Amino acid sequence: MSARYTLQQHPAFSDPLTKEDLYTLVARGSLARGEMCIDEDTGLTHTVGELVSGMRRPSQPRLDRPAYREISPDADGYEEEEIIEEVEEEDAEEDDNDYTPSGEVILHHAHPSWLGYTKALFLCILLIIAGGLLFVIQLEYAVIALLCASSTFIAIGISRYSHDYIITRERVELIWGIIGRSSKEARICDIRSIDVYESGLKGLLGLGTIDFSTAANAGIEVQFKDMRQAHEVKDLVRKLQRGGPVTDD
């Protein structure tokens, strides 16, 4: 007898489910990989993503219809072949996605744009030009100037890649740090307002700042700075709030 699992605090699926049931629900987008469930046999708690990771579509040609499946009264019922094809297509799409440590599908993952460091990049260019001119005058000074330019560029890269902007179906999250990683997040359903600011030179370069505020906090909860396509990211979060279909980035 296969193990059965009960979802925690999920009123839509209160009955125990098998791994195959969990897999099918995740493939259809009805269940997030980050949901917690309890093994009925051992009492241990797992995420759905841990249980279905690496699974393939159940080999049975027909799946038992669990009690949680909703069918409209005037419908003739689902064709099993169509259901299986949908599961295969969605599973193939999800295989290409990245996941958070908790098993959530990452819909959008970005870093601050290189153009957000305009002053530092301008300084780097000046140092390179100075290094080229100093080759004619004094080689040692030229080497120093080029080393400073390299150090500046490396510092820009470290700063950029130490900030991660992540959007899943359940939350927006800012992660920063090099050795010790810190994070701030806000649940999609709790976001009260989304403000986008594009101004000055950065606005001309297509960069914007996105502020996410929640009802639980009067201030800014999560901020994405120097992002490209800031308005498109805002629209993505709004679609998630409405429960509409989204395209994974």
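The questions and answers below concern a predicted model.

User: In what order do the 4 strands of the open sheet stand?

Analyst: The sheet is open and its pairing is antiparallel. The twist averages 15 degrees from one strand to the next. The order of the strands is β4-β5-β6-β7.

User: Which strands stand at the edges of the sheet?

Analyst: A strand at the edge has a single partner strand, so one side of it is left without a neighbour in the sheet. This applies to residues 106-110 and residues 182-187, which are β4 and β7.

User: Which residue in β6 stands opposite I167?

Analyst: Strand β5 covers residues 163-168 and strand β6 covers residues 171-176. The two pair in the antiparallel sense over 5 bridges. Opposite I167 stands V172.

User: What angle does the direction of helix α7 make with that of β5?

Analyst: Helix α7 spans residues 230-242 and packs on the sheet. The helix touches β4, β5 and β6. Its direction makes an angle with that of β5 of about 35 degrees.

User: Is D226 buried or exposed?

Analyst: D226 lies in strand β10, residues 222-228. Phi of D226 is near 55 degrees, a positive value in a residue other than glycine. Buried means under 20% relative accessible area. The value for D226 is 11%, so the residue is buried.

User: Does Q229 count as buried or exposed?

Analyst: Q229 is found in the loop between β10 and α7, and its phi, near 50 degrees, is positive in a residue other than glycine. Exposed means over 50% relative accessible area. Q229 has 54% relative accessibility, so it counts as exposed.

How values were computed. Residues are numbered from 1 along each chain as its sequence is written. This is a predicted model: local features need pLDDT of at least 70, side-chain atom pairs count only at pLDDT 80 or more; totals for chains, interfaces and linings use all residues. Side-chain values use heavy atoms; hydrogens and water are left out. Two strands pair if DSSP finds at least two bridges between them. Axes are lines fitted to C-alpha atoms, for helices over the stretch in contact, and angles run from 0 to 180 degrees between N-to-C directions. Contact means heavy atoms within 4.5 Å. Buried means under 20% relative accessible area, exposed over 50%, partly exposed in between (1.4 Å probe, protein chains only).
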